[in-house]
Amino acid sequence: MIVVLPRGSIGVGIRKHKDGNCVVTSRFNAESPLQVQDVIVSVNGIRLSSVEGGVNEWVELFQAFSMASIIRNVVVERPTSIAAITPRSMMPTTNAPAKNDPMREGTSVLTLTDSPLATTPPPDSESAAEVPTTDAIPTSVTMETQGSSDSDTKEGHVAPLDIIAESKYYPHLFREYKGLSDRQKEIFRDFNDPVKWPVPDGYCTKITGVDFEQTLAPFFEEDINVTFSHDSIPNRFAVFMWNMFDACESGSTGGDACRINAVLMAAAKDVIDIHRTQQERIEHLLGLTMAIKRHGLGPFLCRGNPESGRAVFAEIAKEWKRFFEWDPSEYGISDGVREFAKDCCEGVQLMLKPAKYLFNYIRIPRPNRAKKVQKENATKSGDKRKAAADGGTAKKKKKPSEAMKLIERINSIEGVPEDKVFDSCPEVRAKIQAFLERDGITKASLCVALGGINHNSLNRFLSAEDQKQSGNQTYKNGYIFFEKLRILEKKQKSSERLCTELQMEDGFDFSKPKGGRPASYFYFG
């Protein structure tokens, strides 16, 4: 059949089928003569299957004829019947395309201008399709007209979720929907043109270009993978939530983020808090998760409230974690839907990760702590056989170095008084510096040798002058250590040392001064 498309918008979405043909996948303008699943064979004699470049080149071809004011004669193959089948794609399918849908590959929405669709066939085209004439594309209708939806005349199509009729099951979402509808009415009133932009008496069903009454098309035959159909709760709720998120995007990024935040929280409350059966709860949760993944929540992730986001994503992930831990039969959910849900949750987790949001939808088993302690104890006790049986290996004890052997011999000397110090602070500093020059001696090993003193205490003592830092533990412990070294090496006391013992019977003061004031004493050298 031949369909005539004049200059302007044709109001459908297309994609390249696996056989190379151009297939209509969505229809968001009720006045368009094209139908979902129509195969567009050619435009003005040009076969689309012969045009290189696929969808992008097809779009440019339609636009070229439109801009040149050339009436487009489109040859269409229309199937005689449409079978209701189940989807393979991970996203819900609807004939209302999103305004921003980067996840749909190979699909392009043909929207050129807001010019009305002319329907006059060319004079020499006897087989042209007759399409009723329209003067303008309607912008809104009331929800009361949904009972006469064209789903009755489209074989295989189903009606979308009716939020007004089912408001008692979705009270929070209905409140947000009413708010978006009221906002749309205010926009119509601001236009002050009741003929072109009439304000509906009831609720707006087309909000910021999103049609909430658009019927849901059946899935394509090659899109079969999961066991729920296009008229199931997961798909109908996913499409509704996707439309709600899209309807929020009509202003600044900050305003869009606030509206998406409110819709997201309302959905979580209606899905989780409202009394439902286990199966109904998980089906709605799946629909919400699919909508989040497909839409992307760009404005919210960019400018949304982080605390609110963390709370709602944590609550949704918590419900999924409970579902994946329990027996699926308790929910009445098949294994196929369970795996599909895991894929959706993983997609949401990857989507939220760059925005620093957690979505821990599944419990990751942690290592057995008791087994780990058992391995450590087996290794420490030297039980190599037991450690090997548990998959571990016993650590070999390192041989002490020559420097450590020297320190051990020094500290083994006994009989050195610990209540008197007869070396001044400068003398102890000089001995420390000389000892550090020995092979294998480091400040770390010296701190151990001096009774495990703090590394900072050693540095403060070495950087001080005269008797400052005499209350530092390094001073007393250093004196005792080097006195043991002198006895180990069998060296005699120096003349300065003997003079100090004669003149200062109690030695130098090494007590910590009160109030943090460093002690200061004269000494004889």
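Where does alanine 314 lie? Alanine 314 lies in helix H7. Let me work outwards from there.

Some ground rules. This is a predicted model, in which local features need pLDDT of at least 70 and side-chain atom pairs count only at pLDDT 80 or more, while totals for chains, interfaces and linings use all residues. Residues are numbered from 1 along each chain as its sequence is written, and side-chain values use heavy atoms, with hydrogens and water left out.

The overview next. The chain holds 16 helices and nine strands. Those are DSSP runs, numbered from the N terminus: H or I with at least four residues for helices, E with at least two for strands. Of the 525 residues, 47% count as buried. Buried means under 20% relative accessible area, exposed means over 50%, and partly exposed is in between, with a 1.4 Å probe and protein chains only. The accessible surface of the chain is about 28,100 Å². Carbon and sulfur atoms hold 50% of that surface. Areas come from the Shrake-Rupley method with a 1.4 Å probe; for residues, only the protein chains shown count as cover.

Now contacts, meaning heavy atoms within 4.5 Å. Take the contacts in the chain with a separation of 6 or more. Residues 24 or more positions apart account for 73% of them.

Back to alanine 314. At 41% relative accessibility, alanine 314 counts as partly exposed. Its C-alpha is 8.5 Å from that of tyrosine 361. Those two residues are 47 apart along the chain.

Next, the partners of H7. Start with H4, residues 253-273. The axes of H4 and H7 come within 10 Å and cross at roughly 30 degrees. Axes here are lines fitted to C-alpha atoms, for helices over the stretch in contact, and angles run from 0 to 180 degrees between N-to-C directions. H4 and H7 are therefore roughly parallel to each other. The classes are these: under 35 degrees is roughly parallel, over 145 roughly antiparallel, 65 to 115 roughly perpendicular, and the rest oblique. The H4 and H7 crossing is left-handed. Left-handed means the near helix is turned anticlockwise from the far one by less than a right angle; clockwise would be right-handed.

Who meets whom? From H4 come Asn261, Leu264, Met265, Ala268 and Ile272. They meet Ser308, Val312, Phe313, Glu315, Ile316 and Glu319 of H7. The split is seven nonpolar, two polar and two charged. Nonpolar covers Ala, Val, Leu, Ile, Met, Phe, Trp, Tyr, Cys and Pro; charged covers Asp, Glu, Lys and Arg; the others, Gly among them, are polar.

Look at asparagine 261 in H4. Asparagine 261 counts as buried, at 13% relative accessibility. Leaving out residues up to four places away in sequence, asparagine 261 touches Phe300, Asn305 and Ser308. Glycine 254 also lies in H4. Glycine 254 is buried too, with a relative accessible area of 18%. Glycine 254 and asparagine 305 sit 51 residues apart in sequence, yet 9.9 Å apart in space, C-alpha to C-alpha.

H5 also packs on H7. H5 is residues 278-295, H7 is residues 306-325, and their axes are 11 Å apart at an angle of about 130 degrees. That makes H5 oblique to H7. H5 passes H7 in a left-handed crossing. On the H5 side we have Arg281, Ile282, Leu285, Leu286, Leu288, Thr289 and Ile292. On the H7 side we have Ile316, Glu319, Trp320 and Phe323. Those contact residues divide into eight nonpolar, one polar and two charged.

One more helix pair. H2, residues 171-191, and H3, residues 233-247, have axes that come within 11 Å and cross at roughly 40 degrees. H2 and H3 are therefore oblique to each other. H2 passes H3 in a left-handed crossing. Leu173, Glu176, Tyr177 and Leu180 of H2 contact Phe237, Phe240, Met241, Met244 and Ala247 of H3. That contact has eight nonpolar residues, no polar and one charged.

Last, backbone angles. Most residues other than glycine have a negative phi. Leucine 297 has a positive phi, near 55 degrees. Leucine 297 lies in the loop between H5 and H6. Leucine 297 is buried, at 0% relative accessible area. Lysine 356 also has a positive phi, near 65 degrees. Its loop runs between H8 and H9. Lysine 356 is exposed, with a relative accessible area of 70%.
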